[in-house]
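Hi there,

Here is the structure I promised to pass on to you. Have it open while you read, and you can follow along with the notes below.

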Amino acid sequence: MNRVNWTDEYSVGVSKLDEQHQMIVTMINKLSANHEDGHQYEPDQEILSKMVEYAELHLKYEEMLMKKHGYPDFDQHKESHGDFIIALEHFSKDVVSGNKYKLSPLILEFLVDWWTNHILEEDMKFKPFFQEKGIS
Ligand SMILES: [Fe+2]
Ligand SMILES: [Fe+2]
């Protein structure tokens, strides 16, 4: 089962970012539930495209916040966001040519892995930085 169970461990200490991460996780879990229900209620593609749209807004917002406060690892972090967009473009070709009701389980696996690793490894690196700046 590909799901993300949100715990405090995922909190980066900035409430707006936590809210956005939670929303992304909720959308991924919705895709996962859709898989288990046999895709009968809503096409995966619709959930995925809403998730991608929201994720892009989040990544831009996070980059704006890092840039505004002079986060020293901004370039490297932005590059990691770029890798996500590139990987998604690759997957979305799969979706377009495939059945819009049913996504490849690989996409779900990728989304769960990428967001879990990115929040816990990359985003977590700016937690002390924003804390020091008094941003919550
Ligand atoms: Fe993030
Ligand atoms: Fe990030």
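**Helix α4 and its buried residues**

In α4, the buried residues are Ile107, Leu108, Phe110, Leu111, Val112, Trp114, Trp115, Thr116, His118, Ile119 and Glu122. Please keep in mind that this is a predicted model. The helix itself has 18 residues, and the distance from its first C-alpha to its last is 25 Å, close to the 26 Å expected at 1.5 Å a residue. When you look along a helix, one rule helps: an α-helix has 3.6 residues a turn, so residues three or four places apart point the same way.

**The chain as a whole**

Let's step back for a moment. The protein chain has five helices and zero strands, so its elements, read from the N terminus, run α-α-α-α-α. Of its 136 residues, 45% count as buried. If you take the contacts with a separation of 6 or more, 75% of them are between residues 24 or more positions apart.

You can try the length check on α1 too. Its 22 residues should span 32 Å at 1.5 Å a residue, and the end C-alpha atoms are 31 Å apart, which agrees. Just after α1 you will find Gly38, with a positive phi of about 80°.

**The two iron ions**

Which residues coordinate the iron ion (ligand 1)? They are His21 and His58, each through NE2, together with Glu62 through OE and Asp123 through OD, at 2.0 to 2.2 Å. Along the chain, these donors follow the spacing H-x36-H-x3-E-x60-D. The arrangement counts as irregular because the four donor atoms subtend angles of 82 to 166°. Within this site, His21 and Asp123 link distant parts of the chain: His21 is in helix α1 (residues 15–36), while Asp123 is in the loop between α4 (105–122) and α5 (127–132), 102 residues apart. Both His21 and Asp123 are buried.

The iron ion (ligand 2) is coordinated by Glu62 (OE), His77 (NE2), His81 (NE2), His118 (NE2) and Asp123 (OD), again at 2.0 to 2.2 Å. Its donors follow the spacing E-x14-H-x3-H-x36-H-x4-D. Here Glu62 and His77 form another pair that links distant parts of the chain, with Glu62 in helix α2 (residues 44–68) and His77 in helix α3 (residues 74–97), 15 residues apart. Glu62 and His77 are buried.

How far apart are the iron ion (ligand 1) and the iron ion (ligand 2)? They are 3.5 Å apart, and Glu62 bridges them.

**The nonpolar core**

The largest nonpolar core has 38 residues, and those that touch the most other members are Ile28, Met51, Phe84, Leu111, Trp115 and Phe130. Each of α1, α2, α3, α4 and α5 supplies at least two residues of this core. You have met Leu111 and Trp115 already, among the buried residues of α4.

Phe130 is a good one to zoom in on. Leaving aside neighbours within four places in sequence, Phe130 is in contact with Val14, Leu17, Leu65, Met66, His69 and Ile135.

**Salt bridges**

How many salt bridges are there? The count comes to two.

- Arg3 pairs with Glu36, with the closest N and O atoms 3.2 Å apart. Arg3 lies in the segment before α1 and Glu36 in helix α1, so this pair ties together parts that are 33 residues apart in sequence. Arg3 counts as partly exposed, at 32% relative accessibility, and Glu36 is partly exposed too, with a relative accessible area of 47%.
- Glu122 pairs with Lys125, with the closest N and O atoms 3.4 Å apart. Glu122 counts as buried because its relative accessibility is 18%, under the 20% cut-off. Lys125, at 43%, counts as partly exposed.

**One more residue to look at**

Finally, find Lys50 in helix α2. Is Lys50 buried or partly exposed? At 44% relative accessibility, Lys50 counts as partly exposed. Not counting residues up to four places away in sequence, Lys50 touches Met27 and Glu42. The C-alpha atoms of Lys50 and Ile24 are separated by 9.7 Å, and these two residues are 26 apart along the chain.

Enjoy exploring, and write back with any questions!

Best wishes

Notes: Residues numbered from 1 in each chain as written. Chains lettered and ligands numbered in written order. Predicted model: local features only at pLDDT ≥ 70, side-chain atom pairs only at ≥ 80, totals over all residues. Heavy atoms only, no water. Donors = N, O, S within 2.8 Å, 3.2 Å for Na, K, Ca; no water. Tetrahedral: all angles 85-135°; square planar, octahedral: opposite > 155°, others 65-115°. Helix = DSSP H or I, 4+ residues; strand = E, 2+ residues; numbered from the N terminus. Buried < 20%, exposed > 50% of the residue type's maximum accessible area, 1.4 Å probe, protein only. Expected span 1.5 Å × (residues − 1). Salt bridge = Lys/Arg side-chain N within 4 Å of Asp/Glu carboxyl O. Core = buried A, V, L, I, M, F, W, Y, C linked by side-chain atoms within 4.5 Å. Contact = heavy atoms within 4.5 Å.
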